[in-house]
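Me: I'm just starting to read protein models, and I'd love a close look at one part of this one. Could you take me through it slowly and then show me how it sits in the rest of the chain?

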Amino acid sequence: QVQLVESGGGLVQAGGSLRLSCAFSGRSFSSTAMGWFRQAPGKERDFVAAISYSGASTSYADSVKGRFTISRDNAKNTVYLQMNSMKPEDTAVYYCAAARGYYSGSELTQYNGWGQGTQVTVSS
């Protein structure tokens, strides 16, 4: 029922920046916590960042803390991931996820809606 569409992925050199967007439809975005996950080839899907329904609370994986920023615009039903100082190890398919409730964190079980993913490649 919920539909999530990521955009903004692409190729960037190490040290550069990208901003990912995720457009949400199908249920109440303003009542839904959101998250970003990523999956590299041959690896499991890993937590990147999460944001509460209002945007007042955020959390980050240690590997991206200080470099990535999650935000949301509830008027536009959109969540963003600003990625700065990018590293080759950030290369992955990035997925937007909708949580079951108002708050969420790093656990996959907290999310019940997923986008199709967008490829991010960081060259050295």
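What is the order of the strands in the open sheet of 4 strands, and is the pairing parallel or antiparallel?

Reply: Happy to walk through it with you! Please keep in mind that this is a predicted model. The open sheet has 4 strands in the order S1-S3-S8-S7, and their pairing is antiparallel. At the edges are strand S1, residues 3-7, and strand S7, residues 68-73, each of which pairs on one side only. From one strand to the next, the twist averages 15°. As general background, strands of a sheet pair through backbone hydrogen bonds, and they can do so in a parallel or an antiparallel way.

Let's start with strand S8, which covers residues 78-83 and is joined to S7 by 6 bridges, with the two strands running antiparallel. Strand S3, made of residues 18-25, is also joined to S8 by 6 bridges and is antiparallel to it. You can find some of these pairings by eye. Gln82 in S8 is the bridge partner of Thr69, and Arg19 stands opposite Gln82 too. A further bridge pairs Phe68 with Met83 of S8. Strand S8 is also mostly covered, since 5 of its 6 residues are buried.

Next, follow the chain from S7 into S8. The two strands form a hairpin with 4 residues between them, and in this hairpin Asn77 takes a positive phi near 50°. Asn77 has this positive phi although it is not a glycine. Asn77 lies in the loop between S7 and S8. Its relative accessible area is 29%, so Asn77 counts as partly exposed.

Beyond S8 you meet a residue with a similar description. Ser85 is in the loop between S8 and strand S9, which spans 92-99. Ser85 also has a positive phi of about 50° without being a glycine. With a relative accessible area of 42%, Ser85 is partly exposed.

Now go to the other side of the sheet, where S1 ends. Gly8 belongs to the loop between S1 and strand S2, the latter being residues 10-13. Gly8 is partly exposed because its relative accessible area is 37%. Here you can compare sequence with space: Gly8 and Gln82 are 74 residues apart in sequence, and their C-alpha atoms are 10 Å apart. Not counting residues up to four places away in sequence, Gly8 touches Leu18, Arg19, Leu20 and Thr118.

A second pair is worth finding in the same way. Ser123 is part of strand S11, residues 118-123. Along the chain, Ser123 and Gly16 are 107 residues apart, while 9.7 Å separates their C-alpha atoms. Leaving aside neighbours within four places in sequence, the contacts of Ser123 are Leu11, Val12, Gln13 and Ala14. Ser123 is partly exposed, with a relative accessible area of 29%.

For a residue outside the sheet we began with, try Arg38, which is in strand S4, residues 34-39. Is Arg38 buried or exposed? Its relative accessibility is 12%, so Arg38 counts as buried. The side chain of Arg38 makes polar contacts with two other side chains: that of Ser63 at 3.5 Å and that of Tyr94 at 2.9 Å. Leaving aside its neighbours within four places in sequence, Arg38 is in contact with several residues, among them Glu44, Asp46, Phe68, Glu89 and Asp90. You have already met Phe68, as the bridge partner of Met83 in S8.

Finally, let's zoom out to the chain. The chain has 11 strands and 0 helices, so the pattern along the sequence is β from beginning to end, as the definition of strands as DSSP runs lets us read it. A compact globule of 124 residues would have a radius of gyration near 14 Å, and the chain has 13 Å, which agrees. The C-alpha atoms fill a box of roughly 40 × 25 × 25 Å along the principal axes. Of the 124 residues, 44% count as buried. The chain exposes about 6,100 Å², and carbon and sulfur atoms supply 45% of that area. Among contacts between residues at least 6 apart in sequence, 58% join residues at least 24 apart.

How values were computed:
Residues are numbered from 1 along each chain as its sequence is written. This is a predicted model: local features need pLDDT of at least 70, side-chain atom pairs count only at pLDDT 80 or more; totals for chains, interfaces and linings use all residues. Side-chain values use heavy atoms; hydrogens and water are left out. Two strands pair if DSSP finds at least two bridges between them. Axes are lines fitted to C-alpha atoms, for helices over the stretch in contact, and angles run from 0 to 180 degrees between N-to-C directions. Buried means under 20% relative accessible area, exposed over 50%, partly exposed in between (1.4 Å probe, protein chains only). A polar contact is a pair of N or O atoms within 3.5 Å; within protein, one must be able to donate a hydrogen and the other to accept it, and residues adjacent in sequence count only if both atoms are side-chain atoms. Contact means heavy atoms within 4.5 Å. The radius of gyration is taken over C-alpha atoms; the globule rule is 2.2 Å times the number of residues to the power 0.38. Accessible areas come from the Shrake-Rupley method with a 1.4 Å probe; for residues, only the protein chains shown count as cover.
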